[in-house]
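Reader: I would like to learn how the words used for a protein model are justified. Could you take me through a few of them, one step at a time?

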Amino acid sequence: MDWTRSETLALAMPQCTQCRGSGLRLARKGVLTPCNCVLRCIFRICYDRFVKCVTQERHVSRISLEPHAGRQRPNTWGRKDEEFIADFSLVSRRTLSEDEYRIFRYHFLLGADWKLCTRKLGIDRGNFFHSVYRIEQKLGRTFRELTPYPLFPLDDDFHGPSRMAPAFSATAHREAVLHPRLPSIGKTA
Ligand SMILES: [Zn+2]
């Protein structure tokens, strides 16, 4: 896939010394590549959604039957929470090396802080944070470049721009579920 400035600009760290906030940098052979700050941002948005999915009350899944309006993914359906959890976990497992996955599991899936991770995994603080950065960058890129259905952009109203058609917006859909229009009582035919 081609990464464009219009996409990376919104995700880049404004003070990044690598891309100066543009989100793109020149790689070898003069090819434009997404900056690591963009890849880490993508990972964190997806991770945030993952945490919301697994911690929401009683893990109640929302019905997600909205057709997408986006150009890139016409006529697909929104991922349900369970699907997002499964995809996030499986793609991470598949993408990371054994060593990386061990850190990922402790730190991101089980929520262990750096002190516990370094003690459990027998690595020093510097190596731990270096690995965490590498994991975030690797997964951020994979989540975006995944075919046919990337995990990012998120396809509902958790974060970022919604790709739903207005008539099928997730918010409107949720409103309809929470506040169904009851048949009016007292009217005579
Ligand atoms: Zn950058």
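Author: The questions and answers below concern this structure, which is a predicted model.

Reader: How many helices and strands are there in the protein, and how do the elements run from the N terminus on?

Author: The protein has seven helices and two strands, and from the N terminus on its elements run α-β-β-α-α-α-α-α-α.

Reader: Why does Glu82 count as exposed?

Author: A residue is called exposed if 12 or fewer other C-beta atoms lie within 10 Å of its own. Glu82, whose place is in helix H3, has 12 C-beta neighbours inside 10 Å, and therefore it counts as exposed. Between Glu82 and Phe50 there are 9.6 Å from C-alpha to C-alpha, although the two are 32 residues apart in sequence.

Reader: What share of the protein counts as buried?

Author: Of its 189 residues, 28% count as buried, a word that requires 20 or more other C-beta atoms within 10 Å.

Reader: Which residues of the largest nonpolar core touch the most other members, and which element gives the largest share?

Author: This core has 27 residues, of which Val38, Ile42, Cys46, Phe143 and Phe152 touch the most other members. Helices H2, H3, H4 and H6 each give two or more residues to the core, and the largest share, 10 residues, comes from H2.

Reader: What does Phe143 touch, leaving out residues up to four places away in sequence?

Author: Touching here requires C-beta atoms within 7 Å, and the partners of Phe143 counted in this way are Ile42, Phe43, Cys46, Val91, Pro150, Leu151 and Phe152.

Technical notes. Residues numbered from 1 in each chain as written. Predicted model: local features only at pLDDT ≥ 70, side-chain atom pairs only at ≥ 80, totals over all residues. Core = buried A, V, L, I, M, F, W, Y, C linked by C-beta atoms within 7 Å. Helix = DSSP H or I, 4+ residues; strand = E, 2+ residues; numbered from the N terminus. Contact = placed C-beta atoms within 7 Å.
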